[in-house]
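Q: Could you walk me through reading a sheet and then a single residue in a structure file?

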Amino acid sequence: PDLAIENMDPPWASLIQGKVDAVVIDPIVSTVRLEGRDFTSLFIETPVEGSFTNQTASEIATNLAARHNLSAVVAATTTPVGRYYGNEYDQITLNQFASATTEWNLLVWLAEQEGFDVWVQDNTLYFQPKPENPNPDFIVRAGLSFGTANVESLRMERKLGLAANVMVTMKSWNSANQTAYAETAAAAGTESSGNPKSYLFVHPNLTPDQLLAQAQRRLNEIIQHERVIEFIMPGELQLSARSQVALVGTNTAFDQTYKVETIERRLDYWGGFTQLVRAKNSSAA
């Protein structure tokens, strides 16, 4: 007899809910493959409509979720979005958003202004502050002695170009006061010989303080790719793309905490349930 999934033992965990984009059928080997995305696709495919000048970032996130009949878990913010660029030019800025971007780009931009993280899980949009120094969700034990590792394989990668000094320069033309600004953020790498690796970004209508904050954010994003680990472990359902893992046991600078970037889970007849996890961080962060 048919049984409701929620009544089956062990309890089921939802990994993804969303839209199927394609169905691929192979009649020779009798397989059907479904390709799709989670409900982030609803925001990605929808252009921004209207101006949100007098609303806060949290109000916009809540309203956009409601447009797609999604629940919202949103931390309240207090700054009207027009204040990000200055009241005199808020209408122009937001009208440019309405003609040139999608709802998802707008949500990501708002999250950047507030220092938030934004994601969709099942049928809920999350718009939340980034956690500060969270405890790792999993400890990867390298196990240099036979039989002491808790993962099936481990690969450690270091990008030497990012191990040197890294410098990010942000430039902006502020329309409110007809002035050009430039701010720089730098990180001293462990391999600091030679010229620093330089990056240049341009962002319109920012104040010097906003420009410096953006430069620091870009710098942190770049140097997080200096050290990367990949490991294969028995499959489980607790880790996500917002989890953190700690590597121990190599007795090197690789022993630190990493942010999970991707998880690829595989279930097959011969190999059982396994997952490949890729995580990144920087010793300079």
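Here is a short dialogue about a predicted model.

Q: What is the strand order in the open sheet of three strands?
A: Reading across the sheet gives β3-β5-β4, and the pairing is mixed.

Q: Why is one side of β3 and of β4 left without a neighbour in the sheet?
A: Look at how many partners a strand has. β3 (71-74) and β4 (116-121) are at the edges with a single partner strand each, so each has one side without a neighbour in the sheet. On average, neighbouring strands here are turned by 10 degrees against each other, ignoring direction.

Q: How many bridges join β4 to β5, and in which direction do the strands run?
A: There are six bridges, and the two strands run antiparallel. As a concrete pair, take Val-120, whose bridge partner in β5 is Leu-125.

Q: Which helices should I look at next to these strands?
A: Try α4 (residues 103-114), which packs on the sheet and touches β4 and β5. Its direction makes about 145 degrees with that of β4. Then there is α2 (residues 57-67), lying across β3 and β5 and running at about 165 degrees to β3.

Q: Now for one residue: is Asp-38 buried or exposed?
A: Relative accessible area is the value to check, and "buried" needs under 20%. Asp-38 has 23%, so this residue is partly exposed. Asp-38 belongs to strand β2 (residues 31-38).

Q: What is Asp-38 in contact with, leaving aside neighbours within four places in sequence?
A: Its contacts are Ile-16, Gln-17, Gly-18 and Val-120. Val-120 is the residue bridged to Leu-125 above. The side chain of Asp-38 also makes a polar contact of 2.8 Å with that of Thr-40.

Technical notes: Residues are numbered from 1 along each chain as its sequence is written. This is a predicted model: local features need pLDDT of at least 70, side-chain atom pairs count only at pLDDT 80 or more; totals for chains, interfaces and linings use all residues. Side-chain values use heavy atoms; hydrogens and water are left out. Two strands pair if DSSP finds at least two bridges between them. Helices (H or I, at least four residues) and strands (E, at least two) are DSSP runs, numbered from the N terminus. Axes are lines fitted to C-alpha atoms, for helices over the stretch in contact, and angles run from 0 to 180 degrees between N-to-C directions. Contact means heavy atoms within 4.5 Å. Buried means under 20% relative accessible area, exposed over 50%, partly exposed in between (1.4 Å probe, protein chains only). A polar contact is a pair of N or O atoms within 3.5 Å; within protein, one must be able to donate a hydrogen and the other to accept it, and residues adjacent in sequence count only if both atoms are side-chain atoms.
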